[in-house]
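This report introduces a protein structure to a reader who has not met it before. Please look at the sequence and the structure below before reading on.

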Amino acid sequence: MITRFEELKAWQMARELTKRIYVASNASKFKSDYRFCAQIRSAAVSIGSNIAEGFERGTQQEFIHFLTIVRGSCAEVRSQLYTACDIGHVTQEEFAMLLDYAEQVGKVIGGLRQSVMRKRNQ
């Protein structure tokens, strides 16, 4: 039984995604686009933060609500990655790797949400 949010695979993956976004957005071209850089970083950070907050709220219903928000933040990161690629802030290769990992994170979050919903409905 999981007792801490740090044990959740979804949170661990969100943490890694955030790190990858920070590394990619540290490139001078990306970093100099202050608003966009802050926006993608904020969206990435909110994924792990909302998993943690929802888990710590203590009810399955609230956790499900926060996981729904998390999926939205993950989609926001994916959308922003397209923009980052389109305007040359990341290479096609970086884009593909980041997008793939963000999609994996989204799938794990979706699976966690479904699992919590099933438990709630039992």
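The sections that follow treat confidence, one helix, the nonpolar core, a buried asparagine and the salt bridges.

## Model and confidence

The structure is a predicted model. The protein chain has an average pLDDT of 96, and 100% of the residues score at least 70. Within the chain, confidence is highest in α1, with a mean of 98, and lowest in α2, where the mean is 86.

## Helix α1

Helix α1 comprises 17 residues, from 9 to 25. At 1.5 Å a residue it should span 24 Å, and this agrees with its end C-alpha atoms, which are 24 Å apart.

Which residues of α1 are buried? They are Ala 10, Trp 11, Met 13, Ala 14, Leu 17, Thr 18, Ile 21, Ala 24 and Ser 25. Because these residues cover an arc of only 160 degrees around the axis, they lie on the same side of α1. Lys 9, Arg 15 and Val 23, on the other side of the helix, are exposed. The buried residues of α1 pack against four helices: α2 (28-31), α3 (34-57), α4 (60-86) and α5 (92-121).

## The nonpolar core

The largest nonpolar core contains 38 residues. The members that touch the most other members are Leu 8, Ile 21, Ile 47, Ile 51, Leu 81, Val 105 and Ile 109. At least two residues of this core come from each of α1, α3, α4 and α5.

Ile 51 may serve as an example of the contacts involved. Residues up to four places away in sequence being left out, Ile 51 touches Leu 8, Ala 10, Trp 11, Ala 14, Phe 63, Leu 67, Val 70 and Ile 109. Among these partners, Ala 10, Trp 11 and Ala 14 belong to the buried residues of α1, while Leu 8 and Ile 109 are listed, like Ile 51, among the core members that touch the most others.

## A buried asparagine

Asn 50 is found in helix α3. Is Asn 50 buried or exposed? Its relative accessibility is 13%, so Asn 50 counts as buried, the cut-off being under 20%. Again leaving out residues up to four places away in sequence, Asn 50 touches Phe 66, Ile 69 and Val 70. Val 70 is also one of the residues that Ile 51 touches.

## Salt bridges

The structure holds five salt bridges. One of them joins Glu 62 and Arg 57, with the closest N and O atoms 3.2 Å apart. Both residues count as partly exposed: Glu 62 has a relative accessibility of 29%, and Arg 57 has one of 41%.

Glu 16, Lys 19 and Arg 20 are joined into one network by salt bridges that share partners. Between Lys 19 and Glu 16, the closest N and O atoms are 3.4 Å apart. These two residues are separated by about one helical turn, because they stand three residues apart in helix α1. Arg 20 and Glu 16 also form a salt bridge, with an N to O distance of 2.9 Å. Arg 20 and Glu 16 lie four residues apart in α1, about one turn of the helix. Glu 16 counts as partly exposed, at 24% relative accessibility, and Arg 20 is likewise classed as partly exposed, at 33%.

Technical notes
Residues are numbered from 1 along each chain as its sequence is written. This is a predicted model: local features need pLDDT of at least 70, side-chain atom pairs count only at pLDDT 80 or more; totals for chains, interfaces and linings use all residues. Side-chain values use heavy atoms; hydrogens and water are left out. The expected span of a helix is 1.5 Å times one less than its number of residues. Buried means under 20% relative accessible area, exposed over 50%, partly exposed in between (1.4 Å probe, protein chains only). The arc is that of the directions from the helix axis to the C-beta atoms. Contact means heavy atoms within 4.5 Å. A salt bridge is a side-chain nitrogen of Lys or Arg within 4 Å of a carboxyl oxygen of Asp or Glu. pLDDT is the predictor's confidence in each residue, from 0 to 100. A nonpolar core is a set of buried Ala, Val, Leu, Ile, Met, Phe, Trp, Tyr and Cys residues joined through side-chain atoms within 4.5 Å.
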